[in-house]
Structure formats: structure tokens, C-alpha cells
Amino acid sequence: RRAGRRFLPRRNLPRDAAPVAGPAPLLARAAQHVGGRMAAVAGHVLEAPAAGGLEVAPLALHLRVMGALTAEEVCSLPIHIACRVGEAKAAISEKSGIPVHEVRLLLPGASQRLEDSDILGELANLGGQPASSPGSLVLLLLRLDPVWARDIDSLRQGRLTLKDRPDLSLEHEAVLAAVAWDPFALSLVAEEFRANPEVVLAAVAHNGEALQFASKELRADRDFAMRAVAADHRAMRHVALPLKSDILVIGAAVQGSAQVLKLIDRGDKRLMTAVVAQQGRALQFVSKNLKADPQVVLAAVKQDGAALQYASEQRRADQAVVLAACAQDGRALQMAAYQLRSNKEVVSAAVSQHGPALRWAVEPMLSDTDVVVAAVGQDKCVLRYASLALRSSKEAMLKVVAREGRSLRFAAEELRGDLEVVSAAIFQNPRALKYATKAAVLKVVANNGFALRHADHGLQRDPDVIRAAVAHDARALRHVDAELAAALGLSGLSGLSGAR
């Protein structure tokens, strides 16, 4: 009800709308009114329209459920295109009275049952749907034997195990349900299921250690091994020995978790170079010797500059390595050796990629105009990290504010009152006037009264500043509080529009 009131106030309902009772019809009408947005809020399922009528929302499907064996209609209902099969089964169960665990849905002409994660909107675009009924979807309902359905549901929920019912270990659907709850139930099933990729992958997805119960052939299959280790890196323990040094298999595992490197030979330079080139931070898991190897470390920081933190002290003092790291991620400068944080080439690369990296630079870089200008170009606030000498230098500040006018905020006070510096700043960005001193603002508004709108809020209430602005352009009163203008005796000028 709250969602309905939020998105569709009653006053915005169509005038001819019938009175509603309860949230479901309201959500259905809301879906029609706002193009289906409410359907997503309400869990995707829309209540069927009442008699007299409601058209299906633009983002909804008209779902017809037919008996797979009887070809008779079980039920029909409008449903959102983003709804998943699992949600649709719950809606069908509520509508038809069939327990949800007994419901199996199929596409017409297909023998494989639909998975709960399948999206109905995608299924509607597949073959087998009536071309004459766009926006509709027909599914077949196969009702399971109640006893069998209860057993499958109990296996899936852990209330029943294959040890309790060994006869179920010969049934494909029962085995899938069992390993979904307990991956190690794979050890109790027949050999044909241990060699079945679907069953083994279902177990491995919950716990990679379950791969130890798979058939030898499956554990030696590279394609399957890549899928298994991508699902859970712990499966690497149990793949065939040759695959433990296979770059493709390790790469698939590293994409899921770099922790997999704990399970393989971390001293193999060729292998580790390939791994860190895919995931730089995997450098933390390589051997101590390889953390000092220029080739391995360089490959890592080129992929992820933050990997520099795992390199040896020697490599963090290597200019080529640090330069590559800072070019990839300017924040790597904080991990570089102290002497490189004063190297202009390194610091320039860092601040050009990430302006706030200036905070980790050391003198003389904090007084270097080129470096500071490059940093300010990335972030207007980084001038605060520059040296006081630079922020007090008119020549340097003219270059800085020409790049980013609002950096005037961090200039020395005497320069925030310098008309030349302030003019250069507001030329780049008029809003920079907010950071100028009163003396500078007086000079600016005396030549451009309308600039008052960019002044600091305190100065916008200053009588001297207001009078100077209005003396040049009466329109500046638009930015002055009416009561204050009246107190200053300027309210009579509010009708003027010309400038002197």
C-alpha cells in the first residue's frame, strides 16, 4: 500500500477507475499507469484484472499455463517480463492450488524443464510461442507425483539424505537436489553421476572440495576444470596433476579468487607472470623471490598499480616499476620508495592519473608548478597539499587558476585579493569569485555588477559590495535579499534593467 501511494497517488488515478479493495488491484492499475514499474516493486507478479477490465501493462506478459498431459488450461495471469520461473511457480501454485514443489514448467516442444532462475521475458522470445498473440507466453505444467515431489523437496531442504534413501541415489533429479544441499553427497551416488558434468558442477558450486569425488576423466578435462575452479577455487586441489600448472585453468581460478595460488607452485616464474598479468594483486601470493623479480612485478603493476604494495623493497625503489604502477593507478605513489616520491617523472605520472596523489609527493615536488598544475587539472582541491611558497607565488598561481579557477580557494590570502589572479580565476570559472576577498570582489562587481551572484554568501549581504554592484548594474538586486535591499534604500531600483 505504501508503494502504491508513493508511485500512484489516488488523485492521479484515471477518473473512470473503479474503487479498489486491497493492494493487489492497486498494484495492477499502477502497473498500467506507470508502464509496469510497480510490478517490479511488487515482486514482478500482477494480480489478474477484475471483471470489466484492465489491459495488461506494457511491461507485462499474459501467461497461460496448460496441462502437459491434458492440454487443458490450468490458469492464466498477467505477469511481469522480469519475473523468474521460481516466482511464476509460486503465483501459479496460489492460483491453481497445486503445491509449488509439485509444479514443473516446460516450454511447448521442449523436453527439458525450466530452471527457477530462468527469466520469463527471455523465454517469450524463444520458439514455440503463438505468433498471433504477441505479449503472451504459454507454458506447460507437469504435476509431479506428490510423494516424489515431497522427497525431492526434502532432499533440497536437507530434511532427507541419500543415506536415508539409497534408492534415490540412482535418480538424476534426486541427486541434483541432494548435492545442492550437501555437496559431499556426491560420494554416495553411482559412478555415472560422478562423471556427469551437471551434477558435479552443482556440487562444486557449493564446495570445491566435492570435486575429489568426481570421476578421473572429468577431473582431467581442461574445459570442465576451468568451469569448476571458476565456481570455487578450492576445486584446484582435486583437478588432475597436469592441470595444476595449466595457465588457462589457473587463470580461470584466479578470476574467482587469487587465494588459489596457495594451492599451486608459487615459485614458477613463467606461471606466476601469466597469473599476475591477469590479476595484479595476486602478487601477494607469489614466492618471496618472485616479489623481487622485475619482470613479474612489472607485469603485476601494469595490470593493477596497487600491486606495488606487495613488491619487495628493492622493486618499490625501481623507477621503471614505480612509473608503470603510478601510470596505472596514481595512488601507487604512496607505496613507492621515499626518494622516488620526489622524482618529477614519477610524481607527474601519478598526479596526471589521480590528482590527490599529490599528498604523497615530497619536496621539491610540492613547489613544482608543472606538477601542481597537472594535479589541479584532475582535482581542484589538491592545491591544499602544495607548499605555502607555491600558493604564495603570483606567477605560479596565475598558471594554477588558469587550469582550474576554483583552486583560488587554497591560494594565499594576499593572492585571493589580487585583482589579476582573481580575474584569471573567474575567467576560467566564474564561481571562483566565491573565494576572493572583499577587496577583490569590490573591484570585480564595480566593473560587472551581475557578478554578485557568484560572490560568497556573506559578501552578498555586505552593504559596500551590494552598493558597488548595484551602482554598475541594478539587476544585481536580484541576488540581494528584499528586506536588506529595502534597509539600504535600494528597493526602488528593482525595476531598472539597464547597466550604467
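**Close-up views of a predicted model**

Among contacts in the protein chain between residues at least 6 apart in sequence, 44% join residues at least 24 apart. The model shown here is a predicted one. Its protein chain holds 24 helices and four strands, and 45% of its 500 residues count as buried. The views below take us from the sheet to a helix on the sheet, then to an enclosed helix, a helix pair and a loop residue.

**View 1. Four strands form an open sheet with mixed pairing.** Reading across the sheet, the order is β2-β1-β4-β3. At the edges sit β2 (73-80) and β3, each of which pairs on one side only. Direction ignored, neighbouring strands of this sheet are turned by 30 degrees against each other on average. As a reminder, strands of a sheet pair through backbone hydrogen bonds, either parallel or antiparallel.

**View 2. Here β1 meets β4 in the parallel sense.** Six bridges link strand β1 (residues 60-67) with strand β4 (residues 136-143). To find your place along this pair, look for R64, which stands opposite V138 in β4. V65 is another handy marker, standing opposite L139 in β4.

**View 3. On β3, the pairing with β4 is antiparallel.** Strand β3 (residues 103-106) is joined to β4 by four bridges. A good residue to centre on is L106, with L140 of β4 opposite. Remember that β3 is one of the edge strands.

**View 4. Helix α4 packs on the sheet.** Which strands does helix α4 (residues 85-96) touch? The helix makes contact with β1, β2, β3 and β4. Its direction makes about 130 degrees with that of β2.

**View 5. Helix α7 is largely enclosed by the rest of the structure.** How many of the ten residues of helix α7 (residues 172-181) are buried? Seven of them are, so the helix is largely enclosed. The buried residues of α7 are E173, A174, V175, L176, A177, A178 and V179. Their cover includes strand β3, together with α6 (146-157), α8 (191-194) and α9.

**View 6. Helix α9 packs against helix α11 in a right-handed crossing.** The axes of α9 and α11 (residues 222-231) come within 9 Å and cross at roughly 25 degrees. That angle is under 35 degrees, which makes α9 roughly parallel to α11. From α9, the contact is made by P197, V200, L201 and V204. From α11, the partners are F224, R227 and A228. Sorted by class, the contact has six nonpolar residues, no polar ones and one charged residue. Helix α9 also appeared in the previous view, where it helps cover the buried residues of α7.

**View 7. N207 lies in the loop between α9 (197-204) and α10 (216-219).** Is N207 buried or exposed? With a relative accessible area of 15%, N207 is buried, because the cut-off for that label is under 20%. Leaving aside residues up to four places away in sequence, N207 touches P183, F184, D232 and R234. If you are following along in the structure, show those four side by side with N207 to see its contacts.

Note on methods: Residues are numbered from 1 along each chain as its sequence is written. This is a predicted model: local features need pLDDT of at least 70, side-chain atom pairs count only at pLDDT 80 or more; totals for chains, interfaces and linings use all residues. Side-chain values use heavy atoms; hydrogens and water are left out. Two strands pair if DSSP finds at least two bridges between them. Helices (H or I, at least four residues) and strands (E, at least two) are DSSP runs, numbered from the N terminus. Buried means under 20% relative accessible area, exposed over 50%, partly exposed in between (1.4 Å probe, protein chains only). Contact means heavy atoms within 4.5 Å. Axes are lines fitted to C-alpha atoms, for helices over the stretch in contact, and angles run from 0 to 180 degrees between N-to-C directions. Angles under 35 degrees count as roughly parallel, over 145 as roughly antiparallel, 65 to 115 as roughly perpendicular and the rest as oblique. A crossing is left-handed if the near helix is turned anticlockwise from the far one by less than a right angle, and right-handed if clockwise. Ala, Val, Leu, Ile, Met, Phe, Trp, Tyr, Cys and Pro count as nonpolar, Asp, Glu, Lys and Arg as charged, and the others, Gly among them, as polar.
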